[in-house]
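Reader: I have a new model open on my screen and would like to learn how to read it. Could you walk me through a few features?

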Amino acid sequence: MKYRTHTCGQLRSEDVSTPVTLSGWVHARRDHGGLIFIDLRDRYGKTQIIFDESVNADAFAAAKSLGSEDVVTVDGDVVARPDEMVNANLPTGAIDVQCRELRVLSPAETTPFVITDRDSASEELRLTYRYLELRTDELQSNMMTRSKAYQSVRQYFHDLDFIEVETPVLMKSTPEGARDYLVPSRIHQGRFYALPQSPQIYKQLLMIAGYDRYFQIVKCFRDEDLRADRQPEFTQIDVEMSFVDEEDIYAVVEGLLRRLFQEFLGASLPDPFPRLTYAEAMERFGSDRPDLRFGLELQELASHVQKSDFNAFKSVLDGGGRVKGLVVPGGAAYSRKMIDELTAWIKQYHKAKGLAWMKVTSDALEGGISKFFSGDTQADIINDLGAGEGDLIFMVGDETKVALPALGALRVELAAREGLIPEGDLRPLWVTDFPLVEYDAEARRHVAVHHPFTAPNEEDLALLGTPEAKNIRSRGYDVVINGYEVAGGSIRIHSREVQQQVFDLLGIGSAEAEAKFGFLLKALRYGAPPHGGIALGFDRLVMLLVGTRQIRDVIAFPKTTSASSLMDGAPANVSDEQLRELGIALRTGGKA
RNA sequence: GGGACCGUAGUUCAGUUUGGUUAGAACGCCGGCCUGUCAAGCCGGAGGUCGCCGGUUCGAUCCCGGUCGGUCCCGCCA
């Protein structure tokens, strides 16, 4: 039995009078009494099938009872449509297939939602029936883009002589970083594998093994809370290279991204990508992943505040904090209610103590905290900030690590509200010179900003082991596009001594380091080349390629915000027998 | 761990402000008519434990408490 000679997206005017067989899903049925149309759909497209009572009564009778999403095979002949019936919206819109014989392969029950319209059902329902949602044009298109992107990435790295190596999914739990997903061992009861947060250590060991250009498209797992752009299992393009410095990595990554965005969007990314240090990104944008598609940059207000009578801000400056602001064009029209809402928002979500504001008139400031500034200072502020009549100045004064991120969040929020974000733009950049460590109040020690194997900046190397070590810059770098962190990496430590010093800085004692990373420290003794690498978030790249803000739109079977799969019910309880085999007794019995 | 919003026919929503007899609409589904539609059209019909549990009340979809589920955000995500 032959199911198809062509796909449902294939036939054109040139095929008229060809006998064909098509198989697919009944997308829609339009019954005109003596004439029935169905749109037959597969992943290649749709073709209209005609059943004409006067041409073939048997097929016509069979078509009477067809329902949406039935799977059928149609034998028939390609016929041209009358000129005025051509559907210009469909690639196959110039022809019909006149049905000779209809075979119903698999009738479908009424679906819980209509396949033609993804918006017609809640996400909850669509996730429960994900295999139905995957039939929609939008998701099929997304998944095909994803598939082509895999191929493009592989081709790129193979052409550059990279070797693709699979690393273990069952590995040893590493204490730093995200929470691990654990897998119990049956053979070694009471012991656990961890799923990789990334193949970080393996790829470094591959460098030591001499595989000097490695890449892998690899699943990673992090047991942390989800977001619109974060799933517990996600895919990285993992890259590592030996005998390289930052510039070599930048060149390879920029080449890949330029290729992908050119191929899928016809977009030419800048060459080279602009670069910002972490410090500059924080000062100007209040974020280490700035969205460069719009302005609203953070501006310094310290000198003006010093000349004011606003003691709240002056004491912030005296205490070593910062006062910065941003100018909202036309913001003077904001109502008091809107400003109050923004104030509540920034206090609740971004820990700022408040949000000060002043409106700009022709030559002075008014409202808000303007009364604390003299006329001359007001003029200086307007001039200095490049503000104009009708603008609004927002200000935050706080300790540095609150003030800058709060204003950064405000910047993004205001740009969205004001429609200042040009959606078609793509603005990539490198962010460099991250701090090597930051203080973790909860753990009461310094932790790695990137990871513990990141090399310190050469210029700051002398500070290792001194009290100034907390200010050391790292050789880490991120790629940011439109506010999304799409890649992150670093030049790694290849010296056992430096690695030991960094562990010391992180409060990881030699015994602990030996127990947890002994195999890496040992490997570093046997001839470790200088090396570095990067990992690109593949899902986020595909999001940009298809133009969605939701990571679930580019993953075939995603999890909900609470990390469960509505379709298959994972995670689920397991039998006592399974637990017994693993030597596991539940402490609380779990939630039934 | 915290905050906000949401949960009512198969589906998307309205209704709840001010508790009260038959809870509506559209789409889908079923039946009928219809030979050029392509989201076909017209006529008719069926379809509801108002997420779940408890409380208040003569009476709860509506008010209160809890709980489950979904979405977004803060924390978290080396």
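Reader: Which atom of RNA strand B does a polar side-chain atom of Arg230 lie 2.8 Å from?

Author: Happy to help, and please keep in mind that this is a predicted model. For Arg230, the partner is a base nitrogen of RNA strand B, with a polar side-chain atom 2.8 Å away. Gln48 also places a polar side-chain atom 2.8 Å from a base, here from a base oxygen. Arg552 instead has a polar side-chain atom 2.9 Å from a phosphate oxygen of the strand.

Reader: How many residues surround RNA strand B, and which are the closest?

Author: There are 52 around the strand, and the closest are Met85, Ser120, Glu224, Ala448 and His450. Sorted by class, this surface has 21 polar, 16 nonpolar and 15 charged residues. On the RNA side, 54% of the atoms within 4 Å of the protein belong to sugar or phosphate, and the rest to bases.

Reader: Which helix gives the most to the surface near RNA strand B?

Author: That is H2, with four residues. Other elements that supply at least two residues each include strand S1 (19-31) and helix H10 (336-350).

Reader: How should I describe two packed helices?

Author: Two packed helices are described by the angle between their axes and the distance between the axes. Here, the axes of H10 and helix H12 (residues 400-418) come within 10 Å and cross at roughly 135°. The two helices are therefore oblique to each other, and their crossing is right-handed. Among the residues making the contact are Trp345 of H10 and Leu410 of H12. By class, the contact residues divide into nine nonpolar, one polar and two charged.

Terms used: Residues numbered from 1 in each chain as written. Chains lettered and ligands numbered in written order. Predicted model: local features only at pLDDT ≥ 70, side-chain atom pairs only at ≥ 80, totals over all residues. Heavy atoms only, no water. Near = heavy atom within 4 Å. Polar contact = N/O pair within 3.5 Å; in protein donor to acceptor, adjacent residues only side chain to side chain. Nonpolar A, V, L, I, M, F, W, Y, C, P; charged D, E, K, R; others polar. Axes fitted to C-alpha atoms, helices over the stretch in contact; angles between N-to-C directions. Parallel < 35°, antiparallel > 145°, perpendicular 65-115°, else oblique. Left-handed = near helix turned anticlockwise from the far one by under 90°. Contact = heavy atoms within 4.5 Å.
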